[in-house]
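User: Please take a close look at one part of this model, the open sheet and how its strands are arranged. Then add a helix pair for contrast.

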Amino acid sequence: MTNPNHSPIPELYVSPETAAALKDEAGNMPSWDLSPRQVCDLELLMNGGFRPLKGFLTEADYNGVVNEMRLGDGSLWPMPITLDVSEKFAEGLEPGTDIALRDQEGVILAVMSVTDKWVPNKSLEAEKVFGADDLAHPAVNYLHNVAGPVYLGGPVKGLQEPTHYDFRSRRNTPNELRAMFKKLNWQRVVVFQTRNPLHRAHQELTFRAAKEAQANLMIHPVVGMTKPGDVDHFTRVRCYEAVLDKYPQATTTLSLLNLAMRMAGPREAVWHGLIRKNHGATHFIVGRDHAGPGKNSQGVDFYGPYDAQELFRKHQGEMGIEMVDFKHMVYVQERAQYEPADEIEEGVTVLNISGTELRRRLREGLEIPEWFSFPEVVRELRRNSPPRAQQGFTVFFTGLSGSGKSTVANALMVKLMEMGGRPVTLLDGDVVRKHLSSELGFSKEHRDINIKRIGYVASEITKNGGIAICAPIAPYTATRRAVREMAEQYGAFVEVHVSTSLEECERRDRKGLYKLAREGKIKEFTGISDPYEEPAKPELRVDTQDIDVDSAAHQVLLTLESMGLIGLR
């Protein structure tokens, strides 16, 4: 009897001849340069990973997915896959228009026939899909502050897959995996989804899951977009490859999934299951707080620990893929082995290291015991995460014009250069405008662009082990968050709110800018005709009305020392 999971599934790619013709025609089409998330989505649309989708959702399908987790034809689908674009790009598009979808280097990947164009209710989307319209959720923040305001829907014709230069032998389409499982005669395949390095507890739970399901094992980590602050996929894949020989070679495989996660908890678990079904899997491990983003604005977990398992269990018959419950594994010292936490009797010594504790040990160069992780994994993590005192970092001053940001930043730069050890670069607002942003004005859009340019340069300095000191006004919370996420990919981000009052800043006004703003001669001036959104939880808050510049700079140094970034003694 033929295993249906071994049969090829439809892809959205056209023939080479049609692709060549469409590429010629694409020169006359409107072109949209895809964001990194849209490239991930398009790849899985084209190769069948998002089956039954034939393209980006129409408005009717979008409404069904948001409200009922159903496409218009009734098919189960929990995640909106939409092409979000700018108002300017959407303006001239009418239904029936073909657009060229290009990667960030301008290479055409697909042609989309636009059937629908609409402005979504993003707050409703956030409530329904993510459970709350709360900017603490990374996908909700993306929805409101990164994604375009207009959605386009319509079928896609795939011309070529996105190019990946890394780990090419580990990247498999759904049909490539199905063919491999057929060749190996793997009738049952259990998938372990992960966005983190593998430690000994993960190895034990995957062993148990494969045994429970009587299935072969596929480790299928996400290497597209995960949660901001996660270990980069290059390091993670090296960690996976380092421990692959700990598994029986004939029963385990490793494949990479170029998925852009949304961290949507229960809905994400169902989505992951459908994607893995398309890749030929029969079983899927669903973890405790699967794809949870952490705490909401009130400090409470966005989702209950077993919400994802409950929603998956409710739909698994329709999905055609079985759930294997994640067992929370802990180390029992007396027996020197990992066991499920809910099966351990009282009186034994249970050892565990949380993700937070692991990051602390890496940051401070402390021992990571062999019972917790494999030496090969620890070695890779230490290569990527040296002790904090050896890492680059960004200090980001924000505050009103005249608050003292630039003066304190200059003093800090001199003190850090006196200490030595790492190169220090000051990215002052006025200097950056002269050299990087001379063509920009002072509208909200242009100020955002300027701050993001500063953030990009700071992240590159941080990545390469230097210290970046930034001192723009940076009045908007969302933009500061975007800069933080850029820098925190590579090192620490220290936000310093120079909280000097508006009255004091006006009193100091050497350039007469506040006076001109009060008279209406300067438009959109922060603190007068345009708002300054105060940071809610900066790493440090200083008021230069109360202390001198040297003391303020020393406060920053003490904060850096407390975070392990420098040593004062």
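Analyst: Two strands count as paired if DSSP finds at least two bridges between them. The model is predicted.

Start with the sheet. Five strands form it, and it is open. The order is E10-E9-E8-E11-E12. The pairing is parallel. Strand E10 (252-254) and strand E12 (322-325) stand at the edges. Each has a single partner strand, so one side of each is left without a neighbour in the sheet. Neighbouring strands are turned against each other by 30° on average, with direction ignored.

Now the E12 edge. Strand E11 (residues 283-286) is joined to E12 by four bridges. The two strands run parallel. Valine 286 stands opposite aspartate 325 in E12.

Next, the helix pair. Packed helices are described by the angle and the distance between their axes. Here the helices are H9 (residues 233-243) and H13 (residues 375-384). Their axes come within 8 Å and cross at roughly 160°. Angles over 145 degrees count as roughly antiparallel, which means that H9 is roughly antiparallel to H13. The crossing of H9 past H13 is right-handed.

Which residues in H9 and H13 meet? H9 brings Thr235, Arg238, Cys239, Ala242 and Val243. H13 brings Glu376, Val377, Glu380, Leu381, Arg383 and Asn384. The residues of this contact divide into five nonpolar, two polar and four charged.

Technical notes:
Residues numbered from 1 in each chain as written. Predicted model: local features only at pLDDT ≥ 70, side-chain atom pairs only at ≥ 80, totals over all residues. Heavy atoms only, no water. Axes fitted to C-alpha atoms, helices over the stretch in contact; angles between N-to-C directions. Parallel < 35°, antiparallel > 145°, perpendicular 65-115°, else oblique. Left-handed = near helix turned anticlockwise from the far one by under 90°. Contact = heavy atoms within 4.5 Å. Nonpolar A, V, L, I, M, F, W, Y, C, P; charged D, E, K, R; others polar.
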